[in-house]
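Hi,

Here is the structure I promised to pass on to you. Have a look at it first, and then read on for what I found in it.

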Amino acid sequence: MNKNSEHGKIRPPVNYPSPLTSAASSTLRGLLAAAVAEGYHKIGQAVFKPDAEGFFLCHAEDVGREDLEIFHNPHDAAALAINDDAGNYRPLKTGPNLKHGWLLRVASLADLHLALDLLYPAALANWRSFLRNEKIASPLRDTVNRQTGMYRVTGLITDEEAQGIVDSLCSPGCLRRIQWPIPSDAEPPLIPTKEKEIPLLCVDACSLLIAEARRVVKARLGK
Ligand code: SF4
């Protein structure tokens, strides 16, 4: 058993400030307010900071640029998250391809909350569950065993094949940190944290991984 978990529970790292772990027992808005107060300012590839008008958000690599296109409606975050710099559709909102060139100004914490949810769906909720020490991640083996129809075959994936998919699909192509183990009886992995950054947690294998598992199994079976 690893030192950070017991019986399927995942302990938040001890270095989280206590105002955050306290705020995790309240609303998502309350947690976000506490995070802002603690100086948290990054999520995925975006940064968010309070300013005289409320808050601004932009791509972390665009901080300081003066030629950014300005937006004022938090709902604009949905459109900003759709395509990458080349105009290609982003099937994974947590892919490392958030487009550049925009600055979103919002007036309130509620609007910041909405914009963050549109850029990185469920990130705050998953983080709150993590801080609450709740078990929210299903082992991959349980996830594939639940599949039906054309994806039922994914239940035949080996642990080694699954690890290969994680290494080739998740590690370079997604900013989420995987919370689930592959075997049903394995311990969940430790989640490293970064300074003043809201983590993007993967609590369940996504449809891209399940589709790749199907392809790998079918290739092995010669189907
Ligand atoms: S399974 Fe999780 S970490 Fe892997 S690509 Fe999908 S969302 Fe990202």
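Let me start at Ala-24, which sits in the loop between α1 (18–23) and α2 (28–37). Please keep in mind throughout that this is a predicted model. Is Ala-24 buried or exposed? With 23 other C-beta atoms within 10 Å, Ala-24 is buried, because 20 or more such atoms is the cut-off for that label. Setting aside neighbours within four places in sequence, Ala-24 is in contact with Leu-31, Arg-128, Leu-131 and Arg-132. There is also a long step in sequence here: Ala-24 and Ala-125 are 101 residues apart along the chain, yet their C-alpha atoms are 9.5 Å apart in space.

That leads to helix α5 (residues 123–131), whose buried residues are Ala-123, Asn-126, Trp-127, Arg-128 and Phe-130. Arg-128 is thus one of the buried residues of α5 and also one of the contacts of Ala-24. As a reminder, an α-helix has 3.6 residues a turn, so residues three or four places apart point the same way.

The loops on both sides of α5 are worth a look too. Ala-122 is in the loop between α4 (109–119) and α5, and its phi is near 70°, a positive value in a residue other than glycine. After α5 comes Asn-133, with a positive phi near 65°; Asn-133 belongs to the loop between α5 and α6 (140–145). How exposed are they? Ala-122 is partly exposed, with 14 other C-beta atoms within 10 Å, and Asn-133 is partly exposed as well, with 13.

Now the chain as a whole. Its secondary structure comes to 8 helices and 10 strands. The radius of gyration is 19 Å, close to the 17 Å that the globule rule gives for 223 residues, so the chain is as compact as a globular protein of that length. Along the principal axes, the C-alpha atoms fill a box of roughly 60 × 40 × 25 Å. Buried residues account for 28% of the 223 residues. Of the contacts between residues at least 6 apart in sequence, 68% join residues at least 24 apart.

The chain is divided into domain 1 (45–119) and domain 2 (136–221). Their centres, taken over C-alpha atoms, are separated by 28 Å. Where they meet, 5 residues of domain 1 are in contact with 6 residues of domain 2. On the domain 1 side, the touching residues divide into 3 nonpolar, 2 polar and no charged.

What about the core? The largest nonpolar core has 45 residues, and those touching the most other members are Ala-46, Leu-57, Leu-112, Ala-115, Leu-116 and Ala-213. Both domain 1 (45–119) and domain 2 (136–221) give residues to this core, so it lies between them. Leu-112 makes contact with Leu-32, Phe-48, Phe-55 and Val-106, leaving aside neighbours within four places in sequence.

Finally, the ligand. Which residues surround it? They are Thr-94, Leu-169, Cys-170, Cys-174, Arg-176, Ile-178, Cys-202, Ala-205, Cys-206, Leu-208 and Leu-209. The elements giving two or more residues to this shell are α7 (159–173) and α8 (207–221). By class, the shell has 9 nonpolar, 1 polar and 1 charged residues.

Happy to go through any of this with you.

Best wishes

Methods
Residues numbered from 1 in each chain as written. Predicted model: local features only at pLDDT ≥ 70, side-chain atom pairs only at ≥ 80, totals over all residues. Near = placed C-beta within 6 Å. Helix = DSSP H or I, 4+ residues; strand = E, 2+ residues; numbered from the N terminus. Nonpolar A, V, L, I, M, F, W, Y, C, P; charged D, E, K, R; others polar. Rg over C-alpha atoms; globule rule 2.2 N^0.38 Å. Buried ≥ 20, exposed ≤ 12 C-beta atoms within 10 Å, placed from the backbone. Contact = placed C-beta atoms within 7 Å. Domains from an automatic or database assignment. Core = buried A, V, L, I, M, F, W, Y, C linked by C-beta atoms within 7 Å.
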